[in-house]
Structures are given as structure tokens and as C-alpha cells.
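Here are my notes for you to read with the model open beside them. Take the points in order and find each residue on screen as you go.

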Amino acid sequence: PLVSSVFGTVGVSAASVCASRSADFYNQYRLTGKTPKLKWQDFTRKKVEDYVVQNRDSLVMDALVGIVVFKALGGRMRSVLPSDLGRVGAHA
């Protein structure tokens, strides 16, 4: 139960951060009329680390808000995974 709760929390946090970053890209497009251009070169380890360092507070806040909203709407962290990790399940 503890492992599935941890994985569920990580999953909800990651989904929240991805949703927030996607909304930021959309807002940038809506305000400027230009599509943000992403190239594979933008995802080098150094650039990703710099982005995380520069935006750490907003990334943490996005993750925490996602967890709080998930719990407020009645979500259970251990039920995020499709099956019990201790036994062979649906995705074995």
C-alpha cells in the first residue's frame, strides 16, 4: 500500500506539472499569436536542469496544487495505479 501511494503521488504530481506547462505554452501562443518552437536541442540535460532551477518554485507549486485538488475531489493516491504492485495484475 505504501509503494502504490508513493507512485500515485508521483504520478499525480507529474501530471499536474505537465498540464500546467502545457497551459503556459497555450497562453504564450494566445497572447503572442506565435507557436512556441521546440527543437530536440532544447532538451539537452543542461537546458532542462537550467529550466528546473529557474522555475523550481512554480514547478513545486504546480505539483502541490495538483495533489491538493486530487485529494479534495476524493482521489486516493494508491488507486492511481492500475493494479496491486505485490501481485500480477492487469499490466503484467
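1. Start with what sits over helix α3: the cover on its buried residues includes α1 (2-32) and α2 (45-54). Keep in mind that this is a predicted model. The buried residues of α3 are Leu59, Asp62, Ala63, Gly66 and Ile67. Looking down the axis of α3, you'll find these buried residues within an arc of 130°, so they line one face of the helix. Turn to the other side of α3 and you meet Asp57, Val68 and Ala72, which are exposed.

2. Now the helix itself. α3 is made of 17 residues, and the distance from its first C-alpha to its last is 24 Å, close to the 24 Å expected at 1.5 Å a residue. After α3 comes glycine 74, which has a positive phi, near 95°.

3. One name in that buried set deserves a second look: aspartate 62, which belongs to α3 (residues 56-72). Why does aspartate 62 count as buried? Its relative accessible area is 16%, and the cut-off for buried is under 20%. Setting aside neighbours within four places in sequence, aspartate 62 is in contact with Ser16, Val17, Ser20 and Arg21. With serine 20 there is a polar contact from side chain to side chain, at 2.9 Å.

4. Which residue forms a salt bridge with aspartate 62? The partner is arginine 21, and the closest N and O atoms of the pair are 2.8 Å apart. This salt bridge links distant parts of the chain, as arginine 21 is in helix α1 and aspartate 62 is in helix α3, 41 residues apart. Both ends of the pair are buried; for arginine 21 the relative accessible area is 15%.

5. Arginine 21 has another salt bridge to show you. Its side chain also meets that of aspartate 24, at 3.2 Å from N to O. Here both residues lie in helix α1, 3 residues apart, which is about one turn of the helix. An α-helix has 3.6 residues a turn, so residues three or four places apart point the same way. Is aspartate 24 buried, partly exposed or exposed? At a relative accessible area of 35%, aspartate 24 is partly exposed.

6. Next, look at helix α2. Glutamate 49 and arginine 45 form a salt bridge there, with 3.0 Å between the closest N and O atoms. The two residues are 4 places apart in α2, so about one helical turn separates them. Glutamate 49 is partly exposed at 38% relative accessibility, while arginine 45 is exposed, with a relative accessible area of 68%. As for networks, Arg21, Asp24 and Asp62 are joined into one by salt bridges that share partners.

7. How many salt bridges does the structure hold? There are 4, including the Arg21 and Asp62 pair from point four. Try finding each of the ones named here on screen.

8. Last stop: glutamine 28, back in helix α1. Not counting residues up to four places away in sequence, glutamine 28 touches Gly33, Lys34 and Pro36. With a relative accessibility of 40%, glutamine 28 counts as partly exposed.

Definitions and conventions
Residues are numbered from 1 along each chain as its sequence is written. This is a predicted model: local features need pLDDT of at least 70, side-chain atom pairs count only at pLDDT 80 or more; totals for chains, interfaces and linings use all residues. Side-chain values use heavy atoms; hydrogens and water are left out. Buried means under 20% relative accessible area, exposed over 50%, partly exposed in between (1.4 Å probe, protein chains only). A polar contact is a pair of N or O atoms within 3.5 Å; within protein, one must be able to donate a hydrogen and the other to accept it, and residues adjacent in sequence count only if both atoms are side-chain atoms. Contact means heavy atoms within 4.5 Å. The expected span of a helix is 1.5 Å times one less than its number of residues. The arc is that of the directions from the helix axis to the C-beta atoms.
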